[in-house]
Structures are given as structure tokens and as C-alpha cells.
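How does one read a fold from its strands, helices and core? Here is a short dialogue on the subject.

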Amino acid sequence: MAERRAPSPASGPPRSSDGASTAPLLSVGELRTYFYTDSGVARAVDGVTFEIGARETIGLVGESGCGKSVTALSLLRLIRPPGRIEPGSRILFEGRDLTTVDEKAMRAVRGARIAMVFQEPMTALNPVFTVGDQIAEVVRVHGAGSRREAWGRAVQMLETVGIPSPAQRARDYPHQLSGGMRQRVVIAMALVMNPALVIADEPTTALDVTIQAQILELLRDLQHRFGTSILLITHDLGVVAETVSRVIVMYGGEIVEHASVDELFARAHHPYTEGLLSAMPQVGQQRERLATIPGTVPPPTAWPSGCRFHDRCPYAWDRCVTEHPPLYQLGGGHTSRCHLADEPARRAEVHEPAVAVLGGAGGTPGGSRAGEQDNVSERKAIS
């Protein structure tokens with residue numbers, strides 16, 4: 001069996017050889033964001049831990065409903081009732097725990113030190129204000145210049161993100177711009193205060209492939225120019241392969257795999273990550289149909305017992321149904337929340353996933369928690 005290695009205890013921020021601090025820009029620890037609804041407690045983010053270094057680009061991937069966007073909103077403390085960030089969560093940014101600061105202090109962080117690029121620019125931009133006014137407002141809110149100076153910075157940022165005739169376009173309204181130009185405006189809004197961290201939530205989802213490539217190239221260029229760290233949230237592993245240095249895979253409100261981008265694509269360990277990679281079209285391969293992962297992400301009000309992916313997993317056995325896996329250390333910073341790290345021989349025992357046999361969404365047959373409990377014995381038999 002593989003040895004489960006615990007992380008060594010912390011002894012203060014790590015230091016480089018010359019004694020300078022190399023502490024991460026952002027350190028998230030045991031982040032839990034729950035929504036208290038009439039249907040029960042939705043544990044949208046459930047114990048997420050990761051770090052982002054200065055000038056680093058990290059990819060956060062997974063299907064819709066895995067908790068990616070809620071994680072991003074939690075970092076900015078933009079969770080509104082009935083949701084809340086649970087006690088014990090930690091969001092250390094530039095040495096300060098953002099879960100403990102007041103709202104006034106958070107307003108000084110949002111937009112200035114941490115900015116966000118939302119996935120749909122048409123809803124992120126206000127239709128009744130010109131794009132120049134909206135960029136300039138960010139500058140004025142943070143007291144970084146007069147109205148005239150803020151407008152000048154807005155025009156300058158439009159030029160920086162590659163919009164032609166920026167002085168003219170600054171007076172346009174969002175509906176007068178193309179989708180790619182609107183996304184560039186949103187990026188300009190995010191970068192106008194030169195933040196230390198930019199959270200890009202699906203920044204290329206609504207764009208065609210050519211414009212996607214341009215936006216990704218723009219983000220890389222701006223990161224090199226401004227020295228910004230980027231948390232890139234996406235479901236597109238092709239985007240991840242081209243852009244990031246490390247990848248965090250989320251499923252069921254948890255991190256299920258974390259590795260460098262090269263390690264993940266060469267030696268993915270978690271069956272969910274394997275499924276995502278298998279679903280990607282490959283150049284040179286001729287397949288009539290792309291591979292799919294059966295079922296769907298279960299509702300956060302009813303995460304299944306044991307491994308939250310066991311219903312959709314082709315390797316699951318009885319241990320997966322009853323025992324929640326830890327993040328196993330695989331070496332070289334590669335971690336995986338899968339018991340296959342402990343019992344690798346089980347990979348030879350491939351079978352039809354339980355959700356394909358029993359029906360319903362992933363996690364619970366028919367989507368009910370009672371069904372989960374009633375059918376554990378059936379799942380064991382199938383596994």
C-alpha cells in the first residue's frame with residue numbers, strides 16, 4: 001500500500017537563500033462556504049486548501065456545480081445570504097486574513113489588490129454607462145486620481161488591452177462592442193489598479209476559438225508586463241494546457257487532484273481527472289464519439305458518503321462508498337483524493353459506474369439523500 005504522507009508542520013514563512021520571505025501571495029486554508037436553504041445546507045465549497053505565489057498562474061478546473069465560482073467569490077467575500085463563509089476558514093492575502101477584516105477594509109482590497117474578470121462581460125458591464133466611465137469609476141472609487149485623471153487612465157488601459165481607437169471606444173456603450181472587445185474592457189477594468197491577483201472566471205467561455213486565443217495571449221502578455229498572479233477558472237483543459245503552471249481539479253466542493261500542468265497531463269491519477277482528459281478531442285486520433293463521464297455532479301445539499309465521485313467512477317469499490325478519501329501525497333507536489341493511491345491494483349478491476357446501472361444523477365440515485373443510504377448495499381455489489 002502507498003504511504004500516506006502528512007505535510008510537515010509549518011515553522012513560519014519559507015525563506016530564500018538570502019533570507020527574503022517567499023511566503024505565497026494567497027494562502028487558502030480549509031475554506032468552507034455553505035448556503036442555508038429550505039432544501040438543506042448546500043456545502044458548495046467544503047474544505048478547500050491551496051496557495052498562489054507571486055506572478056504565478058493557477059488553473060481551477062471542473063464541471064459546472066463543482067464549486068469553482070463560489071470559491072472565487074469567497075476569496076473576495078462576495079457571498080451573500082443565505083450563504084456564508086464558515087468559521088475556521090482562512091484566506092491569507094498579503095499576510096492578512098481576509099475572513100477577519102471589516103467590510104471597509106475589503107472594499108479597499110476588491111478591485112485594487114484582488115480583481116475579478118467575470119465569465120459573461122455583457123452582464124458584468126452596466127448597459128447605461130459608457131465603458132470608459134466604468135473603467136474610470138474603479139480608479140475614482142479607490143481614490144487614485146481626479147475625474148480627468150481617471151478618464152485618462154481608462155483610455156490608456158483600453159489601449160493596453162488592444163482596443164483600437166481607445167479614446168473613441170471609451171465613449172461607446174457595451175452593446176456597441178463585439179464580444180471579444182467587451183471581454184477586453186472587463187480585463188481593462190480588472191487591471192486598471194494594477195492588482196496583485198486577478199481571478200479570471202471562465203474568461204473565454206462565450207467567445208469563438210480565434211478570439212479565445214487572443215484573450216489568453218492578452219492575459220499572458222499583461223501578466224508579464226504587470227507581474228500579476230492569475231487564478232484561471234475554466235472547464236476547458238485545452239485552455240489550461242496552454243496557460244497555467246499548476247492545476248487544481250475540483251469535484252463535489254473539494255479539491256480532488258493538484259499537480260503541475262505537465263504532471264497532470266502526463267500522469268493524471270484521479271478517475272475524475274482521467275475522465276476530463278479522455279473527453280478532450282485529440283489531434284491525430286480518430287474516434288466516432290468522445291468519451292463521457294456518466295451522470296452529473298450531485299447537488300451540494302446531498303453530497304454522497306465516502307468518495308463523492310464513487311457513483312460515476314469505473315474503479316469504485318466498497319471502501320469508496322463508506323470511507324471519505326484524504327488527499328494522498330503522490331510525490332513532487334502531486335496530490336489526489338482517491339483510494340487508488342492506497343490500493344493501485346484496483347485499477348485492473350474496471351466496471352460499469354454505479355450511476356449508469358442505477359440511474360439518477362451522480363452521487364445519489366434519483367438525487368435523494370435517502371436513496372443514497374438505501375442503496376449502499378447495491379453499490380457495493382456493483383463495485
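What follows is an exchange between a learner and a teacher about this predicted model.

Q: Let us start with the inventory. How many helices and strands does the protein chain have?
A: It has 15 helices and 13 strands. The chain counts 383 residues, and 50% of them are buried. Among contacts with a separation of 6 or more, 64% join residues 24 or more positions apart.

Q: How do I read a sheet, and what is the strand order here?
A: Strands of a sheet pair through backbone hydrogen bonds, in parallel or antiparallel fashion. In this structure, 8 strands form an open sheet with mixed pairing. The order is β7-β8-β9-β3-β10-β11-β13-β12. Neighbouring strands are turned by 20° against each other on average, direction ignored.

Q: Which strands stand at the edges?
A: They are β7 (114-117) and β12 (328-331). Each has a single partner strand, so one side of each lacks a neighbour in the sheet.

Q: Take one pair inside the order. In which sense do β8 and β9 pair, parallel or antiparallel?
A: Parallel, over 5 bridges. β8 spans residues 197-201 and β9 spans residues 229-234. For a single bridge, look at L197, whose partner in β9 is S229.

Q: Now the helices against the sheet. Which strands does α7 lie across?
A: Helix α7 (residues 179-191) lies across β7 and β8. Its angle to β7 is about 175°. Compare helix α11 (residues 271-278), which lies across β10 (246-251) and β11 (254-260) and runs at about 105° to β10.

Q: How do I judge a helix pair, and at what angle do α7 and α8 cross?
A: Look at the distance between the axes, then at the angle. The axes of α7 and α8 (residues 209-226) come within 10 Å and cross at roughly 15°. Angles under 35 degrees count as roughly parallel, and α7 and α8 are therefore roughly parallel to each other. The crossing is right-handed. On the α7 side, G180, Q183, R184, I187 and L191 make the contact. On the α8 side, I211, Q214, I215, L218, L219 and L222 do so.

Q: Why can residues on one helix point the same way?
A: An α-helix has 3.6 residues a turn, so residues three or four places apart point the same way. With that in mind, inspect α4 (residues 131-141). Its buried residues are V131, G132, Q134, I135, A136, V138 and V139. Their cover includes α5 (147-160), α6 (166-169) and α7. Just after α4, G143 takes a positive phi of about 60°.

Q: How much of α1 is buried?
A: Helix α1 (residues 68-75) is mostly covered, with 6 of its 8 residues buried. These are K68, V70, T71, A72, S74 and L75. R77 follows α1 and has a positive phi, near 55°.

Q: Where is the core, and which residues have the most contacts inside it?
A: The largest nonpolar core has 100 residues. L26, F50, F93, I187, I199 and Y272 have the most contacts inside it. Helix α7 gives the most to this core, with 8 residues. Beyond four places in sequence, F50 touches L26, S27, V28, T71, L75, I248 and I255.

Q: One last residue. Is T273 buried or exposed?
A: Its relative accessibility is 2%, so T273 counts as buried. T273 is found in helix α11. Leaving out residues up to four places away in sequence, T273 touches V249, E257, L264 and A268.

Terms used
Residues are numbered from 1 along each chain as its sequence is written. This is a predicted model: local features need pLDDT of at least 70, side-chain atom pairs count only at pLDDT 80 or more; totals for chains, interfaces and linings use all residues. Side-chain values use heavy atoms; hydrogens and water are left out. Two strands pair if DSSP finds at least two bridges between them. Helices (H or I, at least four residues) and strands (E, at least two) are DSSP runs, numbered from the N terminus. Axes are lines fitted to C-alpha atoms, for helices over the stretch in contact, and angles run from 0 to 180 degrees between N-to-C directions. Contact means heavy atoms within 4.5 Å. Buried means under 20% relative accessible area, exposed over 50%, partly exposed in between (1.4 Å probe, protein chains only). A nonpolar core is a set of buried Ala, Val, Leu, Ile, Met, Phe, Trp, Tyr and Cys residues joined through side-chain atoms within 4.5 Å. Angles under 35 degrees count as roughly parallel, over 145 as roughly antiparallel, 65 to 115 as roughly perpendicular and the rest as oblique. A crossing is left-handed if the near helix is turned anticlockwise from the far one by less than a right angle, and right-handed if clockwise.
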